[in-house]
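Colleague: Got a minute? I'd like to go through this structure with you, one bit at a time.
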Amino acid sequence: MRTKDAGDQKHYNKVVETQLTELWSRYGEWFEIWFDGGTLSVEKGGLPIAPLLLRYQPNAITFQGDKLKKKNNLRWVGNEKGEAPFNCYSTTNDQSQSEGTVQDAALGRGNRNGTEWKPAECDMPIRKDNEWFYIDGHDKKVMSADQLFDTYTKTVGRNCNLLLGVVIDRHGRVPEADAKVLAQLGQKIDDRFSIPIASAQGEADGLTLTFPAYQKVDTVVLEEELANGHSIFGFAVEAHTKKGWKQVFAAETIGHKRIARFRAAYADGIRLRVTDGRQARSFGVSRRIGWTVILWLKNLGFYGPAVYKPDQFK
């Protein structure tokens, strides 16, 4: 916060320093620290947070904390609607210090030639109308498990971290309606992804899975080895139908996870073709062109007719 009075600013900074020192020094190691809207610079009167952070929580992942630390940073995906860009790179050349009041699609996409590793994080409340805080009588605004599952496929399934905003009621608890939907979401994810129809792993420019009989397939889950950064920049998924091989999905990025959903195809085989790949060149580490891709296959059934419109994936 920034005030116009120097005395008030000094007092405010001292309160913040006291609170952060307690939080960061007395409760163990933190996984992630969220700087909503970034941080106020020292030049503008802000508290010098960097020394505190590096002293007490040097290994914490920071959201919008790239002005404070040079590693373990996340960037904002550019919106709060729970949808990552169709192609979302973990690399970027931009700092993420957005106030979060204006959507920024470019920030969300990242940059295939970026020199900084800052995966995107998608943050959204699980209550409709962007409702981040508890309001009496608003339990009907909780999104359904199906809606949140769709969000999961468009965030985690597009190489992003998903952060769901959950309200706390007047008793200091997660409301029953919210807790119920979150449990349903977890069960839905487990039911649909825990046991694939078939899977394969390899380091090549393609992988093929074959089935003993024709069956309906509409989802493929891909995971790219990222120890040396992105090395896949274009791929296609093809289904072997009775008319031969047919492309059913194509994109640029795989990353940590790509959940490729497409119109159901009756096929006895699925294959992955890498159409654009290059030497991994992340942060001083280089190796021959190659990648490890895990190909998981799962028949999920249709999930809303709009999801599978071909033009959505152009």
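Colleague: Okay, which residue follows α1, and what's its phi like?
Modeller: That's G28, and its phi is positive, near 80°. Keep in mind that this is a predicted model.

Colleague: Sure. And how many residues does α1 itself have, and how far does it reach?
Modeller: Helix α1 runs over residues 6–26, so to speak a stretch of 21 residues. From its first C-alpha to its last it reaches 30 Å, close to the 30 Å expected at 1.5 Å a residue.

Colleague: Which residues of α1 are buried?
Modeller: Q9, N13, V16, L20 and W24 are the buried ones. They cover an arc of only 65° around the axis, which puts them on the same side of α1.

Colleague: And what's on the other side of α1?
Modeller: There you'll find K10, H11 and R26, which are exposed.

Colleague: What do the buried residues of α1 pack against?
Modeller: They pack against β1 and against α2, which covers 49–56.

Colleague: Let's switch to rings. How many aromatic pairs does the structure hold?
Modeller: It holds seven aromatic pairs. Take W34 and F63: their ring centres are 4.6 Å apart and their planes sit at 5°, so the pair is stacked.

Colleague: Where do W34 and F63 lie?
Modeller: W34 is in strand β1 (residues 32–34) and F63 is in strand β2 (residues 61–63), so the pair ties together parts that are 29 residues apart in sequence.

Colleague: Is F63 buried or exposed?
Modeller: F63 is buried, with a relative accessible area of 2%. W34, on the other hand, is partly exposed, at 29%.

Colleague: Which residues do ring pairs link into a cluster?
Modeller: F86, F235 and F249. F86 also has R258 lying over its face, at 4.8 Å from the ring centre.

Colleague: And what sits over the ring of F149?
Modeller: The charged end of R192 does, 4.8 Å from the ring's centre.

Colleague: Last topic, the largest nonpolar core. Which of its residues touch the most other members?
Modeller: Of its 23 residues, those are L222, F235, V237, V248, F249 and I270. F235 and F249 are also in the ring cluster we just talked about.

Colleague: Which strands supply this core?
Modeller: β8, β9, β10, β11 and β12 each supply at least two of its residues. The largest share, seven residues, comes from β12.

Colleague: What lies apart from that core?
Modeller: Another core, of 21 residues, including V142, M143, L162 and F193.

Methods. Residues numbered from 1 in each chain as written. Predicted model: local features only at pLDDT ≥ 70, side-chain atom pairs only at ≥ 80, totals over all residues. Heavy atoms only, no water. Phe/Tyr/Trp six-rings, centres within 6.5 Å; stacked < 30°, edge-to-face > 60°. Helix = DSSP H or I, 4+ residues; strand = E, 2+ residues; numbered from the N terminus. Buried < 20%, exposed > 50% of the residue type's maximum accessible area, 1.4 Å probe, protein only. Lys NZ or Arg CZ within 6 Å of the ring centre and 35° of its normal. Expected span 1.5 Å × (residues − 1). Arc of directions from axis to C-beta. Contact = heavy atoms within 4.5 Å. Core = buried A, V, L, I, M, F, W, Y, C linked by side-chain atoms within 4.5 Å.
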